[in-house]
Amino acid sequence: TDEVLMIATFYDGPMIPQRDYSAIVLINPAEGGRTMELSATVFPDRPRRVSLVDDEGRPVVGARMSEPSGISRGGEVVLRTSIFSIPGLHPDRPRRFRIVQEDRKLIGLLAIRGSDEAPCTVRMRPWGTLTGRIVDHRGRPIVGKVGIYGPLELRDASGAGAQIDSEGRFRIDRLVPGLSYEVRLTDQEFALLSGRVLSDVKVAPGRVRDLGDLRIPESRHKPFR
């Protein structure tokens with residue numbers, strides 16, 4: 001097994017996720033101090049087996065899995081089989097993945113950690129869709145972007161967004177059925193315009209939910225700086 005010792009200092013540069021390390025030892029050495037002896041405990045890697053199934057228990061193949069919160073990992077992985085393993089899991093730090101099967105319009109979320117060796121199953125369900133129209137206090141369309149955000153602990157993996165057209169309308173696909181979302185409004189540069197427009201929004205599997213006209217009070221459709 002290759003062993004790598006990395007000594008990192010805090011600096012104004014790229015962030016390195018903690019999960020990219022097997023162990024972390026924090027130190028604050030005094031200037032001119034003595035040599036320090038450090039130790040860390042690492043554990044054998046135990047990849048977790050994951051299975052993807054649809055509502056009827058049939059295998060789901062050809063999905064794409066991404067880890068939106070992964071700063072250094074990023075990208076998508078094409079899952080050519082319905083059963084696969086995820087290595088490099090830490091027992092105390094969960095990782096969250098978004099899994100989408102485009103052809104069948106299926107979606108699932110996976111939160112997994114290394115503290116449990118048992119295989120896990122992700123139920124892939126038909127994604128939901130939200131539509132609506134953003135207008136100001138006089139009923140005029142507001143042009144910008146709409147962001148949909150899931151629960152805080154899953155926010156990176158469950159968020160979505162869409163452009164608002166000239167009539168104020170938007171459509172957002174690939175939403176997880178049953179998950180509680182918040183609707184927020186931003187401008188073209190993603191500056192927050194209205195904060196929370198609507199909360200506790202849920203979609204049914206494979207259904208399109210129309211929110212109708214979402215009216216923004218006059219005091220709340222100016223950028224917050």
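This passage walks through the sheets, side-chain contacts and a few backbone oddities of a predicted model.

Sheets come up first. One open sheet is built from 3 strands, and its order reads β4-β1-β7 with mixed pairing. At the edges sit β4 (83–86) and β7 (120–123), each of which pairs on one side only. Going from one strand to the next, the twist averages 30 degrees. Within this sheet, β1 and β4 run antiparallel and are joined by 4 bridges. Arginine 49 is a handy marker for that pairing, since the residue standing opposite in β4 is serine 85.

Another open sheet also has 3 strands and mixed pairing, this time in the order β12-β9-β15. Its edge strands are β12 (169–175) and β15 (208–215), and each of these pairs on one side only. Here the neighbouring strands are turned against each other by 20 degrees on average, with direction ignored. The pairing of β9 (residues 128–135) with β15 is parallel and spans 6 bridges. To put residues on it, arginine 133 has aspartate 213 in β15 as its bridge partner. As a reminder, strands of a sheet pair through backbone hydrogen bonds, and they can do so in a parallel or an antiparallel way.

On to the charged side chains. The model holds 13 salt bridges. One of them brings together the side chains of glutamate 76 and arginine 64, with an N to O distance of 3.7 Å. This contact ties together distant parts of the chain: glutamate 76 belongs to strand β3 (residues 76–79) and arginine 64 to strand β2 (residues 63–66), with the two residues 12 apart.

What about the aromatic rings? The count of aromatic pairs comes to 0, with centres within 6.5 Å being what it takes for rings of Phe, Tyr and Trp to pair. A ring does turn up in a contact with a charge, though: arginine 184 lies over the face of tyrosine 149, and the distance from the ring centre is 5.7 Å. That placement counts as a charge over a ring because the limit for CZ of Arg is 6 Å from the ring centre, along with an angle within 35 degrees of the ring normal.

The surface has something to show as well. Val25, Ile27, Met36 and Leu38 make up a nonpolar patch there, and together they have about 350 Å² of accessible area. Of these patch members, leucine 38 can be placed in the segment before β1 (48–53).

Finally, a couple of backbone angles deserve a look. Lysine 105 has a positive phi, near 55 degrees, despite being a residue other than glycine. This lysine is found in the loop between β5 (95–101) and β6 (106–112). Aspartate 200 likewise has a positive phi near 55 degrees and is a residue other than glycine. In this case the setting is a strand, with aspartate 200 lying in β14 (residues 192–201).

Note on methods
Residues numbered from 1 in each chain as written. Predicted model: local features only at pLDDT ≥ 70, side-chain atom pairs only at ≥ 80, totals over all residues. Heavy atoms only, no water. Patch = residues over 30% accessible without salt bridge, like charges linked within 9 Å, V, L, I, M, F, W, Y side chains within 5 Å. Areas by Shrake-Rupley, 256 points an atom, 1.4 Å probe, with all protein chains shown as cover. Salt bridge = Lys/Arg side-chain N within 4 Å of Asp/Glu carboxyl O. Pairing = 2+ DSSP bridges. Axes fitted to C-alpha atoms, helices over the stretch in contact; angles between N-to-C directions. Phe/Tyr/Trp six-rings, centres within 6.5 Å; stacked < 30°, edge-to-face > 60°.
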